Amino acid sequence: MDAISELFAAAAAARSNAYAPYSRFAVGAAIRSASGAIYSGANVENAAYPVGICAEESAIAAMISAGEKEIAEVLIVAESAEPVMPCGACRQRLFEFATKDTKLHSAGPEGWRKTLAFAELLPHPFGPHDLK
Ligand code: THU
C-alpha cells in the first residue's frame, strides 16, 4: 500500500467510529509522525455542543500520548462537496507539531482528493517560535 493509501485506511477506520450524533458529520484523521508511525482519531461530539472535539484533536492526542511530537503528514477524511479542510482551531493545533515540510491531505469516502503544504493551510502562523 502506498503512503497516502495507508493514511487513508487509518483515517477511514477511525471515521467509522466517529461519535457525531448531533452534526451527523463523521470525520477521521490520521497523522504520520516523524518515526513513520500512524496515529488516528475521530470527532467526538457531546450533548454540550462546544465540548466536542475534532478528529484532528483526537489524532494529535494519540500521537502525543505515544511520545511523538512531529507531524510529517496528516490526512483527514469526511464527505462533502468540496475537499474538507481542518477548522481554524485545528490548523493551529496541527501547526504546533508541523515542520516546514508537513503536508495536509484531504480525502472523501472514496479516497484522496487534495494535498496542501502546511504553509498554504496556515499562512503567517503564530507558534512556538514567537515565544522564544
Ligand atoms: N470536524 C472535525 O472533526 N474536523 C474538521 O476538520 C472539521 C469539523 C467535526 C467537528 C464536529 O464534530 C463536526 O465535524 C461538524 O462540525
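This is a dialogue on the ligand site and a salt bridge in a predicted model.

Guide: In this predicted model, local features need pLDDT of at least 70 and side-chain atom pairs pLDDT 80 or more, whereas totals for chains, interfaces and linings use all residues. Residues are numbered from 1 along each chain as its sequence is written, and side-chain values use heavy atoms, without hydrogens and water.

Visitor: What makes a residue part of the surroundings of the ligand?

Guide: A residue is near the ligand if one of its heavy atoms lies within 4 Å of it. The residues around the ligand include Phe-25, Asn-43, Ala-55, Glu-56 and Met-85.

Visitor: How is the shell around the ligand divided into nonpolar, polar and charged residues?

Guide: The shell holds seven nonpolar, two polar and two charged residues. Ala, Val, Leu, Ile, Met, Phe, Trp, Tyr, Cys and Pro count as nonpolar, Asp, Glu, Lys and Arg as charged, and the others, Gly among them, as polar.

Visitor: Why is the approach of the ligand to the side chain of Glu-56 called a polar contact?

Guide: A polar contact is a pair of N or O atoms within 3.5 Å. An oxygen atom of the ligand is 2.6 Å from an N or O atom in the Glu-56 side chain, so the pair qualifies.

Visitor: Why is the pair Arg-32 and Glu-6 called a salt bridge?

Guide: The term requires a side-chain nitrogen of Lys or Arg within 4 Å of a carboxyl oxygen of Asp or Glu. The N to O distance between the side chains of Arg-32 and Glu-6 is 3.2 Å, so the pair meets the rule. By this rule the count comes to four salt bridges.

Conventions. A polar contact is a pair of N or O atoms within 3.5 Å; within protein, one must be able to donate a hydrogen and the other to accept it, and residues adjacent in sequence count only if both atoms are side-chain atoms.
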